[in-house]
Amino acid sequence: MNAPVNTARQLESYIAGDWVRGAGKAVPLLDAATGAEVALIDASGLDMKRALNHGREEGGPALRKLSFHERALMLKALGQALMEAKEEFYALSTATGATRTDSWIDIEGGIGTLLSYASKGRRELPNTRALVDGEVEPLSRDNTFSGQHILTPLEGVAIHINAFNFPCWGMLEKLAPTLLAGMPAIVKPASQTAYLTELMVRRIIATGILPAGALQLISGSVGDLLDHVDCQDVVTFTGSAATGRRLRTHKAIVENSVRFTMEADSLNAAILGPDAVAGTEEFDLFVKEVAREMTVKAGQKCTAIRRVIAPRATVEPLIKALGERLAKTAIGNPGEEATWMGPLASLAQRDEVRARIADLQGEAEIVAGDPARADLTSGDAEAGAFLSPVLLYCDKPGGAKAVHDVEAFGPVSTIIPYETLEEAAELARRGKGSLVASVFTNDAAFAREAVQALGPWHGRVMLGNRVSAKSSTGHGSPLPVLVHGGPGRAGGGEELGGMRSVKHYMQRTAVQGAPWLLSEVTGRWMPGAKTRRDGIHPFRKSLAELEIGDQLVTASRVVTLEDIEHFAHFTGDTFYAHMDEEAAKANPFFDGRVAHGYLIVSFAAGLFVDPAPGPVLANYGVDALRFLTPVNPGDALQVTLTCKQISPRETESYGEVRWDCAVSNQDAQLVAQYDVLTMVAKNWPAA
């Protein structure tokens with residue numbers, strides 16, 4: 001009799017430009033709901049050193065040739081292409097146990113993060129290949145020696161080792177800042193759900209958008225990959241704290257001082273304020289949020305609420321309300337529309353969660369749900385990794401240990417009572433560092449003290465109340481613009497946070513030298529650098545003609561008392577320092593009536609602006625405005641305007657120009673300084 005033919009797809013790794021299979025016996029990966037084989041996985045025998053070298057020698061140089069804006073546009077194109085293919089990802093995602101809602105977080109949430117970085121990269125970064133970090137530091141009195149910090153891409157490879165619960169988002173939220181920084185990546189997804197990551201990587205590679213070597217994939221074990229890392233590489237890890245600690249102490253990582261960022265599961269807490277008693281909007285929101293965090297992704301989220309910290313007087317109605325809400329959870333086949341919660345990722349994961357619930361039962365009692373039995377609306381309770389939401393209650397949390405140490409990575413939470421804010425904060429701290437805590441209250445004083453107490457122990461604190469109820473993204477949602485990570489048990493690392501995470505993949509270097517040389521290096525003018533005064537007003541120059549250092553020194557204008565009084569009455573700004581001589585003299589900063597700061601800025605604009613139509617299309621802002629010396633009636637103002645930085649837009653007919661504006665008086669004292677931001681045409685007249 002012939003053995004049945006295995007039709008499950010063999011996953012492949014993408015190494016050095018080729019899709020390859022491992023040399024060993026592939027391990028089957030099972031559908032979380034049905035137990036059917038979805039794919040086979042193996043990466044044994046692959047040349048991991050070759051993969052690293054390919055990224056360093058091919059991917060890195062290709063990415064570093066691009067500017068930040070070019071890389072951002074690359075991310076945008078990639079995000080748009082993936083969005084067009086999203087239904088293919090949704091169809092396969094059900095095998096992971098994810099419902100459509102769960103998959104939306106993973107798939108469209110991940111693609112949305114990619115697009116967010118694409119947008120922020122073009123808006124917040126210059127169109128250059130290196131970043132200026134901070135302001136210039138003058139190191140000599142005569143401006144012949146200065147210092148400037150810059151950031152340049154590391155020349156290694158970022159190795160991203162991801163968890164099973166978010167096979168798409170987990171990859172894309174790391175990949176976006178990595179590629180934007182100009183660094184190639186090797187992605188290693190957790191095996192259990194690697195088939196979804198592999199499918200997405202296939203679609204990414206097929207677009208042809210990324211340069212060769214910018215992205216590689218390992219489907220299976222990393223083998224000896226980490227043995228070959230060096231100081232230019234970065235390793236990031238998402239998963240269990242125990243595995244993370246083992247990787248962090250890998251010999252090559254320690255000896256080569258390899259950057260290592262860890263985001264580990266943590267015992268996140270949600271705290272109910274004493275004002276949020278049963279019947280208040282905050283109480284109802286709290287119940288809804290805890291139940292949602294327990295059931296979305298079947299509780300398999302690193303940010304899920306594990307400890308529910310509530311006033312002792314509120315515990316009874318809270319248990320009742322949560323129990324009733326959880327009992328309504330429709331558990332079943334994730335592919336069916338009526339299902340709210342699907343299975344855990346695997347039968348092994350279900351066994352693990354049941355074991356951890358048993359550990360918790362040593363200190364807490366189950367008050368809702370049965371870990372041994374799942375009432376399903378569809379699906380097979382034996383073949384699928386289904387588990388009912390389980391709510392426990394620990395009456396004496398101060399002396400407990402397991403509820404603050406043991407994490408059941410599934411639909412499991414424990415209610416913990418408190419008497420005072422200090423006790424609530426101490427209970428939250430017992431988690432030894434977490435990704436997120438939430439506080440539900442409409443009491444400003446309680447919120448203020450809670451954030452102060454929770455801040456050092458959490459990467460994020462979310463405040464929930466009736467005002468933000470409709471717009472809040474919730475306790476468990478990491479956002480591209482906010483940092484994701486936490487101290488202690490949570491890993492001690494940071495991800496996301498907008499442009500902060502891009503800098504994780506760059507080296508900060510202090511460059512010292514003559515200002516004109518620093519200006520050539522950084523692409524930004526600074527005091528002491530070369531200037532050009534060619535008799536042509538800088539505002540008459542398009543980007544094709546304008547150079548950094550182009551400078552205009554204006555005529556001067558005397559500020560009169562009539563100017564000050566007219567400005568005061570015209571604007572309505574009749575502050576005493578401008579209108580009352582005696583009161584102004586009593587002010588320690590002034591010696592009589594002074595001009596308005598914004599009068600100075602207005603007069604400065606009148607001195608340097610060229611009024612005729614030309615390549616300067618718009619003024620869109622002022623940065624770092626400072627008033628340095630008071631201006632009295634009779635003082636003469638003069639402006640030195642210098643082209644400081646030029647950043648062309650890749651897809652537009654214009655670019656941004658930053659101008660250094662220095663306003664001085666008749667004694668050559670600086671009275672105001674700021675950057676003027678303008679949009680300037682690339683060519684003029686426009687084609």
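# Exercises on packing and pairing in a predicted model

A search of the whole structure, which is a predicted model, finds 40 salt bridges. The exercises below begin with one of them and then turn to helices and sheets.

## Exercise 1: a salt bridge across the sequence

Task: Determine which parts of the chain are tied together by the salt bridge of E198 with R9.

Solution: Begin with the geometry of the pair, in which the closest N and O atoms of E198 and R9 are 2.6 Å apart; this falls within the 4 Å that a salt bridge requires. Next, place the two residues, E198 in helix α6 (residues 194-207) and R9 in strand β1. The two parts are 189 residues apart in sequence, so the salt bridge ties together stretches that are separated along the chain by that number of residues.

## Exercise 2: the sheet that contains β1

Task: State which strands stand at the edges of the open sheet of three strands, and why one side of each is left without a neighbour.

Solution: Write down the strand order, which is β1-β5-β4, and note that the pairing is mixed. From this order, β1 (9-10) and β4 (27-30) stand at the edges, and because each has a single partner strand, one side of each has no neighbour in the sheet. For the pairing of β4 itself, four bridges join this strand to β5 (residues 37-41), and the two run antiparallel. Among these residues, P28 has L40 in β5 as its bridge partner.

## Exercise 3: helix α2 against helix α6

Task: Classify the packing of α2 with α6 as oblique or roughly perpendicular, and describe the contact by residue class.

Solution: The axes of α2 (residues 68-84) and α6 come within 10 Å and cross at roughly 125°. Since the roughly perpendicular range ends at 115 degrees and the roughly antiparallel one lies over 145, α2 is oblique to α6. The crossing of these two helices is right-handed. On the α2 side the contact is made by L78, A81 and L82, and on the α6 side by M200, R203, I204 and T207. Sorted by class, the contact of α2 with α6 has five nonpolar, one polar and one charged residues.

## Exercise 4: two further helix pairs

Task: Find how α9 is oriented to α10, and how α17 and α20 are oriented to each other.

Solution: Take α9 (residues 281-295) and α10 (residues 315-327) as the opening case, where the axes lie 10 Å apart at an angle of about 50°, which makes α9 oblique to α10. The crossing in which α9 passes α10 is right-handed. Residues of α9 in this contact include F283, F286 and M294, which belong to the set that meets residues of α10, among them L318, L322 and R325. By class, the contact has 11 nonpolar, one polar and two charged residues.

For α17 (residues 561-571) and α20 (residues 597-608), the axes are 10 Å apart and the angle is about 110°; the two helices are therefore roughly perpendicular to each other. D563, I564 and F567 of α17 make the contact with Y598, L599, S602 and F603 of α20. This contact has five nonpolar, one polar and one charged residues.

## Exercise 5: a sheet of five strands

Task: Identify the edge strands of the open sheet of five strands, and find which residue in β27 is the bridge partner of A618.

Solution: The strand order is β23-β25-β26-β27-β24, with antiparallel pairing. Reading off its ends gives β23 (551-558) and β24 (616-627) as the edge strands, each of which pairs on one side only. From one strand to the next, the twist averages 25°. Eight bridges join β24 to β27 (residues 670-681), and the bridge partner of A618 in β27 is M679.

Conventions. Residues are numbered from 1 along each chain as its sequence is written. This is a predicted model: local features need pLDDT of at least 70, side-chain atom pairs count only at pLDDT 80 or more; totals for chains, interfaces and linings use all residues. Side-chain values use heavy atoms; hydrogens and water are left out. Two strands pair if DSSP finds at least two bridges between them. Axes are lines fitted to C-alpha atoms, for helices over the stretch in contact, and angles run from 0 to 180 degrees between N-to-C directions. Angles under 35 degrees count as roughly parallel, over 145 as roughly antiparallel, 65 to 115 as roughly perpendicular and the rest as oblique. A crossing is left-handed if the near helix is turned anticlockwise from the far one by less than a right angle, and right-handed if clockwise. Contact means heavy atoms within 4.5 Å. Ala, Val, Leu, Ile, Met, Phe, Trp, Tyr, Cys and Pro count as nonpolar, Asp, Glu, Lys and Arg as charged, and the others, Gly among them, as polar. A salt bridge is a side-chain nitrogen of Lys or Arg within 4 Å of a carboxyl oxygen of Asp or Glu.
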